[in-house]
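This briefing covers a predicted model. The points below are grouped by topic.

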Amino acid sequence: MVPSMELREHAPTKPDDRAGRARVGAESRGFIVLGVLLIAANLRAPFTGLPPVLGLIREDFGLSTAAASALTTLPLLAFALVSPSSALLARKYGLERTLFGALVSIALGIVLRSAGASALDRS
């Protein structure tokens, strides 16, 4: 008997087991897609919150139109700089851990931005 055929004869092959694993895999993928969509929805506010108050910021800080335009461009530049490394991080640490790290980073950024200059003055 050929060794590969011998392994096939003795290996437990239950169609129900494969279907169960495929179902669990599909559910996991569904949760990951849902998680990515929820993260994307939550990312929108921090990055789109600047334009409505841009006029007030320009007045308070005396910014020129060019400086205000540069301010609105910063999030896009950050995306452009960080995006290439995201695939590498996802491959190295897994998609779930990478997304969790991204969420923690975003949360810290929002907290720092919300604290404003008062938090920096204390240190």
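**Surface patch**

F31, L34 and L38 make a nonpolar surface patch of about 340 Å². The notes on this patch come first, followed by the fold, the surface and the largest pocket.

- Within the patch, L34 has its place in helix α2.
- L34 counts as partly exposed because its relative accessibility is 44%, and the partly exposed class lies between under 20% for buried and over 50% for exposed.

**Fold and surface**

- The secondary structure of the protein amounts to 5 helices and 0 strands.
- Read from the N terminus, the order of elements is α-α-α-α-α.
- Buried residues account for 6% of the 123 residues in the protein.
- The exposed area of the protein is about 10100 Å², and 67% of that area is supplied by carbon and sulfur atoms.

**Largest pocket**

- The largest pocket holds about 1100 Å³ of space.
- Its lining is formed by 30 residues, of which L43, F47, A78, F79 and I106 are the closest to the pocket centre.
- Two or more lining residues come from each of these elements: α2 (15-48), α3 (54-61), α4 (65-93) and α5 (95-122).
- The element that gives the most to this lining is α4, with 11 residues.
- By residue class, the lining of the largest pocket has 22 nonpolar, 7 polar and 1 charged.

**Links between topics**

- Helix α2 holds L34 of the nonpolar patch, and α2 (15-48) is also among the elements that give two or more residues to the lining of the largest pocket.

Conventions. Residues are numbered from 1 along each chain as its sequence is written. This is a predicted model: local features need pLDDT of at least 70, side-chain atom pairs count only at pLDDT 80 or more; totals for chains, interfaces and linings use all residues. Side-chain values use heavy atoms; hydrogens and water are left out. On a 1 Å grid over the protein atoms alone, a cavity is a set of points where a 1.4 Å probe fits but cannot get out, and a pocket is an open set with protein on both sides within 12 Å along at least five of seven lines; lining residues have an atom within 4 Å of a point. Grid points are joined across faces, edges and corners, and a volume is the space filled by probe spheres set on the points. Helices (H or I, at least four residues) and strands (E, at least two) are DSSP runs, numbered from the N terminus. Ala, Val, Leu, Ile, Met, Phe, Trp, Tyr, Cys and Pro count as nonpolar, Asp, Glu, Lys and Arg as charged, and the others, Gly among them, as polar. Patches are made of residues with over 30% relative accessible area and no salt bridge: like charges are joined within 9 Å, nonpolar side chains (Val, Leu, Ile, Met, Phe, Trp, Tyr) within 5 Å. Accessible areas come from the Shrake-Rupley method with a 1.4 Å probe; for residues, only the protein chains shown count as cover. A salt bridge is a side-chain nitrogen of Lys or Arg within 4 Å of a carboxyl oxygen of Asp or Glu. Buried means under 20% relative accessible area, exposed over 50%, partly exposed in between (1.4 Å probe, protein chains only).
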